[in-house]
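Let's walk through this model together, starting at a turn and working outwards to the whole fold. Keep the viewer open as you read.

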Amino acid sequence: MIYRVEIEPDGKYWNISVPQIQRVTQARTLGEVESMAKDLSIMTEEPDPQIEVQMHLPSQVEEAL
């Protein structure tokens, strides 16, 4: 299953939301986003979830990158 991950800057951190499982977390850097999102996989009801993260960044962040 592919889980959509929505992120947005919040001060020194990145808020990470995974709407399909109704969970949120934070990361200190963009490099941590994928692993933090995958950590949320324990919240799924799947016995062995296979997580593929597709990050959707706010447009101003995508433009900056």
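A good place to start is the hairpin of β1 and β2, which has two residues between its strands and in which G11 takes a positive phi near 65°. Before going on, note that this is a predicted model, in which local features need pLDDT of at least 70 and side-chain atom pairs count only at pLDDT 80 or more, while totals for chains, interfaces and linings use all residues. Residues are numbered from 1 along each chain as its sequence is written, and side-chain values use heavy atoms, with hydrogens and water left out.

On either side of that turn, β1 and β2 pair in the antiparallel sense over five bridges; two strands count as paired if DSSP finds at least two bridges between them. Strands here are DSSP runs of E with at least two residues, and helices are runs of H or I with at least four, numbered from the N terminus. P9 stands opposite W14 in β2.

Follow the chain onwards and you meet another hairpin, that of β2 and β3, with four residues between the strands. These strands also pair in the antiparallel sense over five bridges, and V18 has R23 in β3 as its bridge partner. Q22, in the loop between β2 and β3, has a positive phi of about 50° although it is not a glycine. Most residues other than glycine have a negative phi. Q22 is also exposed, with a relative accessible area of 69%; exposed means over 50%, buried under 20%, and partly exposed in between, using a 1.4 Å probe and protein chains only.

Now look at the sheet as a whole. Its four strands form an open sheet in the order β3-β2-β1-β4, with mixed pairing. β3 (23-27) and β4 (52-56) stand at the edges with a single partner strand each, so one side of each has no neighbour in the sheet. The parallel pair is β1 (residues 2-10) and β4, joined by five bridges, and here E6 stands opposite H56 in β4.

Which side chains of β2 point to one face and are buried? They are W14, I16 and V18, while Y13, N15 and S17 point to the other face and are not buried. In a regular strand the side chains alternate between the two faces of the sheet.

The largest nonpolar core has 14 residues, of which V5, I7, I16, V18 and V33 touch the most other members. Such a core is a set of buried Ala, Val, Leu, Ile, Met, Phe, Trp, Tyr and Cys residues joined through side-chain atoms within 4.5 Å. β1, β2 (13-18) and α1 each supply at least two residues of this core. Leaving aside neighbours within four places in sequence, V5 is in contact (heavy atoms within 4.5 Å) with residues including I16, V18, V33, A37 and V53.

Helix α1 holds the one salt bridge counted, where a side-chain nitrogen of Lys or Arg must lie within 4 Å of a carboxyl oxygen of Asp or Glu. E34 pairs with K38, their closest N and O atoms being 3.2 Å apart. The two are four residues apart in α1 (residues 30-39), so about one helical turn separates them. E34 is partly exposed at 37% relative accessibility, and K38 is partly exposed at 34%.

Stepping back, the protein has two helices and four strands, following the pattern β-β-β-α-β-α along the sequence. Buried residues make up 29% of its 65 residues.
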